[in-house]
Amino acid sequence: MTYHPKSDFIRVMMERGFLADCTDYQGFDEALSRQVVPGYIGFDATAKSLHVGSLIQIMTLRWLQKTGHKPITLMGGGTTKVGDPSFRADERPLLTPDQIDENIAGIKSVFANYVTYGDGTTDALMLNNDEWLADLNYLDFLRDIGRHFSVNRMLSFESVKSRLDREQSLSFLEFNYMILQAYDFLELNRRYGCLVQFGGSDQWGNIVNGIDLTRRVLDQEIFGMTTPLLTTSDGKKMGKTADGAIWLNAEMRSPYEFWQFWRNTTDADVGRFLKLYTELPVEECDRLGALAGSEINEAKIVLANEVTGLLHGAAAAEAAAATAREVFEKGGMGDDLPTLTLTAADIGDGISVVQLITRAGLAKSGKEAKRLISENGARLNDAPLTDAGLIVLAGDLAAPIKLSAGKKRHALVVLQG
């Protein structure tokens, strides 16, 4: 039976492909229709930036606010000290409090581009679970919270079971993670009236734990909703490429490189990604996604412009598009290309082109750079680069040089004045 939602939020989630599962469709939908619903997503601070894999969650919070509700972005200052074991083969490296704080500062900068923070009814809140986790009394926590958790049930969750089935160690520290995440939901409900937790479908067990705990301790009816775990049509994990994660922070992945990632979307993914990562009407997303031949490239440019505009602003998206036109259509340099800046000391008596390709991020190693050259995949100022032994001198950098790996990846090398 097809469910016909009353609330704008559930309708948007269903139409645009955000909805994987919900603990109580009807109950959640009625709550959304009846009142302003605060909803949260937790983000552990394991790196200085989130990557594209988190963008579906961020867009979920954006739509929550756009449909009249209250997003809560929860930084995992406390839970990062433990580490989420979900579907991992090994334990996460433990970070120091200073590293965690530094990572949180980097992550926070992205959210203001997607949601509006403030004191209003539907304004977003930025919180840190270290606020309530750091000072917990262990014995009180075991007695008041731990007694509500069945170890038998915790062992049955797929995220834990998969680790144990492979006979891989699961530390007691990590085993506690799901209890702490459940406690987050309880505290957010108690302090802020939070009614729903969102997460990827791999977080289902953790979300259900929080709902059960809050019902038991506070006798509150709350909800969980998951989004699909996205892979591209060729089976690759969303947000990961051959040259690493597609970070959301500009200093870790330039707006041009970010734009280029979306411009290189596989034809089969264009319509789906337009619905998830832009705010274009669904009908327009379907129309663009159905284009074929060379016309689909125009749809990819629309996708790249829209997604980059949301994260980095319209001006950055326009600059990236202009650079792409200059590079691909005119063979020009492009001011916005990723740039490797060298000093005269860096170059000395000369620097190998293999080293330049590697340092510019176009290859992961000298071996990979040499293979790129031998397979005719490298270009220097748009001319084929065939000599892996080429040495570049300081005088060769009187003007910037452009290095290319294949047709779509480029970088500038400039000499600092």
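Select Asp212 and Arg153 in this predicted model. Their side chains form a salt bridge, with the closest N and O atoms 3.1 Å apart. The pair links distant parts of the chain: Asp212 belongs to helix H11 (residues 204-218) and Arg153 to helix H7 (residues 151-156), 59 residues apart. Colour Arg153 by accessibility and the value is 36%, which counts as partly exposed.

Next, go to helix H6, residues 138-144. Select Arg143 and Asp140, whose side chains meet in a salt bridge at 3.5 Å, N to O. Both residues are in H6, three residues apart, about one turn of the helix. Arg143 has a relative accessibility of 51% and counts as exposed, because the cut-off for that class is over 50%. Asp140, at 34%, is partly exposed.

Move on to helix H10, residues 177-192. Here Arg191 and Glu187 form a salt bridge, and the closest N and O atoms are 2.7 Å apart. The two residues are separated by four positions in H10, about one turn of the helix. Is each partner buried or partly exposed? Arg191 is partly exposed at 38% relative accessibility, whereas Glu187 is buried at 5%. The value for Glu187 falls in the buried class because that class is defined as under 20%.

Keep Glu187 and Arg191 selected and add Glu131 and Arg190; the four residues are linked in a network of salt bridges. For the full set, display every salt bridge: a search of the whole structure finds 19.

Now turn to the strands. Select strand E3, residues 70-76. How many of its seven residues are buried? The count is seven of seven. Show the side chains to see that both faces of E3 are covered. On one side are Lys70, Ile72, Leu74 and Gly76, and on the other are Pro71, Thr73 and Met75, all of them buried.

Add strand E2, residues 38-44, which pairs with E3 in the parallel sense over seven bridges. To find the register, place Pro38 and Lys70 in view: Pro38 stands opposite Lys70 in E3. Then trace the connection, which leaves E2, passes through helix H3 (residues 55-66) and arrives at E3. This β-α-β crossover is right-handed.

E3 also pairs with strand E4, residues 125-128. This pairing is parallel too and has four bridges. Use Leu74 as the marker, since it was already listed among the buried residues of E3; Leu74 stands opposite Leu127 in E4.

The last stop is an open sheet of five strands. Select the strands in the order E9-E15-E14-E11-E12 and note that the pairing is mixed. Which strands stand at the edges? They are E9 (339-342) and E12 (383-384). Each has a single partner strand, so one side of each is left without a neighbour in the sheet.

Within this sheet, select E11 (residues 378-380) and E14 (residues 401-405). They pair in the antiparallel sense over three bridges. To fix the register, centre on Arg379, which stands opposite Ser404 in E14.

Technical notes. Residues are numbered from 1 along each chain as its sequence is written. This is a predicted model: local features need pLDDT of at least 70, side-chain atom pairs count only at pLDDT 80 or more; totals for chains, interfaces and linings use all residues. Side-chain values use heavy atoms; hydrogens and water are left out. Buried means under 20% relative accessible area, exposed over 50%, partly exposed in between (1.4 Å probe, protein chains only). Two strands pair if DSSP finds at least two bridges between them. A crossover is right-handed if, with the strands pointing away from the viewer, the path from the first strand over the helix to the second runs clockwise.
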